[in-house]
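This report looks at one structure, part by part. Please have the sequence and the coordinates open while reading.

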Amino acid sequence: MLEVHGISKSFGVLQVLHDVSLRLDRGQVTTLVGTSGVGKTTLLRIIAGLERADAGEVVIDGETATRGGAILSPPHRRTLGFVFQAPALWPHMTVAKNILFAVTHLNAAARSHRLAGLLRATGLEPLATRYPSEISAGQARRVALAWTLAAAPCYLLMDEPFSNLDPQAKQDLIRLALDHVRDGSMGLLYVTHDPSERELIGGKILLLRDGVVTAG
């Protein structure tokens, strides 16, 4: 279970989050909606350990990862995957090597199997040997999702990752993420301001407005 208790965050005199709490179980989908600039990304970054909170706690499977302004568990030790708005790929690595970078702890056979499955599921098989500079922005978003899923996170945070993709590509990638949730192995917290994405994702809907999260 991923738990957020009483998270608050200000930037100078601007308070973007005020006593925010939510819970996400494995096998559960939660969609966090709100207009641009209300603090959705800030909340995800605090959950991931990439941003310090002013107050509150983040608890992951019973372990306190953030307490107040202290990051007790660094990002790489949290059982989380994070798909950002802009794909963060290694420019000197091919598509295949970017994906494999997430599973260096597996043996060669397991890595090869994981890679083949994700390349097939994301339609990236023809692009496996290309570099990020040689693929489109939409294809880069596919790589970012495959890289994140390769690590088999317990909880997946997605921050408007499919903006500007064509509707069919968006549906295919959302369906891939949801498949991992439905087997009970992963919880999904999906951030968007797009009503069409909210309908595609479904699940529990939360609204972030004026720094406060309420049921959508």
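## A loop residue and its surface patch

In this predicted model, F101 lies in the loop that runs between helix α2 (95–100) and helix α3 (108–122). The relative accessible area of F101 is 37%, so this residue counts as partly exposed rather than buried or exposed, given that the intermediate class lies between the 20% and 50% limits.

F101 also belongs to a nonpolar patch on the surface, which is formed together with W90 and W147. The accessible area of these three residues together is about 280 Å².

## The sheet

Six strands make up an open sheet with mixed pairing, and their order is β7-β8-β9-β3-β10-β11. At the edges stand β7 (80–83) and β11 (212–215), each of which has a pairing partner on one side only. When direction is ignored, neighbouring strands of this sheet are turned against each other by 20 degrees on average.

Within the sheet, strand β8 (residues 155–159) and strand β9 (residues 187–192) run parallel and are joined by five bridges. Y155 is placed opposite G187 in β9.

## Helices packed on the sheet

Helix α4 (residues 137–150) packs on the sheet, where it touches β7 and β8, and the direction of α4 makes about 180 degrees with that of β7. Helix α5 (residues 167–182) likewise packs on the sheet, with contacts to β3 (29–33), β8 and β9, and the direction of α5 makes about 150 degrees with that of β9.

Notes: Residues numbered from 1 in each chain as written. Predicted model: local features only at pLDDT ≥ 70, side-chain atom pairs only at ≥ 80, totals over all residues. Heavy atoms only, no water. Pairing = 2+ DSSP bridges. Helix = DSSP H or I, 4+ residues; strand = E, 2+ residues; numbered from the N terminus. Axes fitted to C-alpha atoms, helices over the stretch in contact; angles between N-to-C directions. Contact = heavy atoms within 4.5 Å. Patch = residues over 30% accessible without salt bridge, like charges linked within 9 Å, V, L, I, M, F, W, Y side chains within 5 Å. Areas by Shrake-Rupley, 256 points an atom, 1.4 Å probe, with all protein chains shown as cover. Salt bridge = Lys/Arg side-chain N within 4 Å of Asp/Glu carboxyl O. Buried < 20%, exposed > 50% of the residue type's maximum accessible area, 1.4 Å probe, protein only.
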